[in-house]
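Subject: Structure for your files

Hello,

Here is the structure I promised to pass on. My notes on it follow below.

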Amino acid sequence: MSRSTLIAVMVLAAVTALVYGYRLSDSPIYLTPDEIVIGLDAHTLATTGHDLRGRLLPVYFQIEEFRVAGKIWYQPAIMYLTAAVLQVAPLSAAAIRTPAVIIGVLDVVLMFLLAQRLFGRSTSAWVAAGLLMVSPAHFMHSRFAMDYVYPLPFILGWMYGLATYLEDRRPRALAGATLCLGVGFYSYITAVFLMPAFLVL
């Protein structure tokens, strides 16, 4: 990575973090029930290494769903990233929403790098990253303690690795791309179908 690209990435990450993280505990004005469930499970994981049901470092998190009959399962990415944040921050609305901000910032940075790789111009990269940053859906979901945006960095990482491989045929780039799909499998419920579909593509 060139010096100018590194500076651009740092500036972009800082601006996105400031915009997305501004008054995080105040807007949205209160935690949704799903955010509370995720926050409590992640807090238990951070403090004991177990989920609320007593399982040690589970792969999937079983939740008693209050809106529908029966139980549902949460993907582990949001739980473990939130638990990591709660290792250094006290339990609060801002703390459990911070992982979504981190994912949102990562998305914008990866979009910049991908666009630069595909188009070969910094201007196009800035436009692509800027459009993603100000996208209402991306902004909103990057401020909720929910996992809707969690597949995006893995998909963008896969695309970047694949574009790199197609350009210079380095096996490490292809390995990195497929690793993104493998880890991304655990990011969101639809990723169970999306990531194998991308692998086939």
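Which residues of helix α9 (residues 191-200) are buried? They are A191, M195 and F198. Please keep in mind throughout that this is a predicted model.

Helix α9 and its surroundings

Looking down the axis of α9, the buried residues fall within an arc of 65°, so they line one face of the helix. The face turned away from that buried side carries F193 and V200, both exposed. The cover over the buried residues of α9 includes α7 (151-168) and α8 (171-184).

M195, which is found in α9, has a relative accessible area of 2% and counts as buried because the cut-off is under 20%. Leaving aside neighbours within four places in sequence, M195 is in contact with P151, F154, I155, L181, G184, F185 and S187. Another residue to look at beside M195 is G182, in helix α8. The two are 13 residues apart in sequence, and their C-alpha atoms are 7.2 Å apart in space. G182 is partly exposed, with a relative accessible area of 39%. As a reference across the model, the C-alpha atoms of M195 and H50 are separated by 28 Å, with their positions 145 residues apart along the chain.

The nonpolar cores

In soluble globular proteins, nonpolar side chains tend to be buried together. The largest nonpolar core here has 20 residues, and the members that touch the most others are I38, Y74, M79 and L86. At least two residues of this core come from each of α2 (33-48), β1 (61-64), α3 and α4. The largest share, 5 residues, is supplied by α2.

Y74 is worth selecting in your viewer. Not counting residues up to four places away in sequence, Y74 touches D34, I38, Y60, F61, I63 and M79. There is also a second, separate core, made of 17 residues, with V105, V109, A125 and A128 among them.

Helices α3 and α4

How do the axes of α3 (residues 76-86) and α4 (residues 93-119) cross, and at what angle? They come within 8 Å and cross at roughly 115°, and the crossing is right-handed. On the α3 side the contact is made by L81, T82, V85 and L86; on the α4 side, by A95, I96, T98, P99, I102 and I103. The residues of this contact divide into 8 nonpolar, 2 polar and no charged. L86 thus appears in this contact and is also one of the residues named above for touching the most other members of the largest core.

Backbone points to check

Three places in loops deserve a look at the backbone.

- S27 and P28 are joined by a cis peptide bond, with omega about 0°. P28 lies in the loop between α1 (3-21) and α2.
- R23 is not a glycine, yet has a positive phi of about 50°. R23 is also placed in the loop between α1 and α2, and is partly exposed, with a relative accessible area of 48%.
- L57 also has a positive phi in a residue other than glycine, near 40°. L57 lies in the loop between α2 and β1.

Regards

Key: Residues numbered from 1 in each chain as written. Predicted model: local features only at pLDDT ≥ 70, side-chain atom pairs only at ≥ 80, totals over all residues. Heavy atoms only, no water. Axes fitted to C-alpha atoms, helices over the stretch in contact; angles between N-to-C directions. Helix = DSSP H or I, 4+ residues; strand = E, 2+ residues; numbered from the N terminus. Left-handed = near helix turned anticlockwise from the far one by under 90°. Contact = heavy atoms within 4.5 Å. Nonpolar A, V, L, I, M, F, W, Y, C, P; charged D, E, K, R; others polar. Core = buried A, V, L, I, M, F, W, Y, C linked by side-chain atoms within 4.5 Å. Buried < 20%, exposed > 50% of the residue type's maximum accessible area, 1.4 Å probe, protein only. Arc of directions from axis to C-beta.
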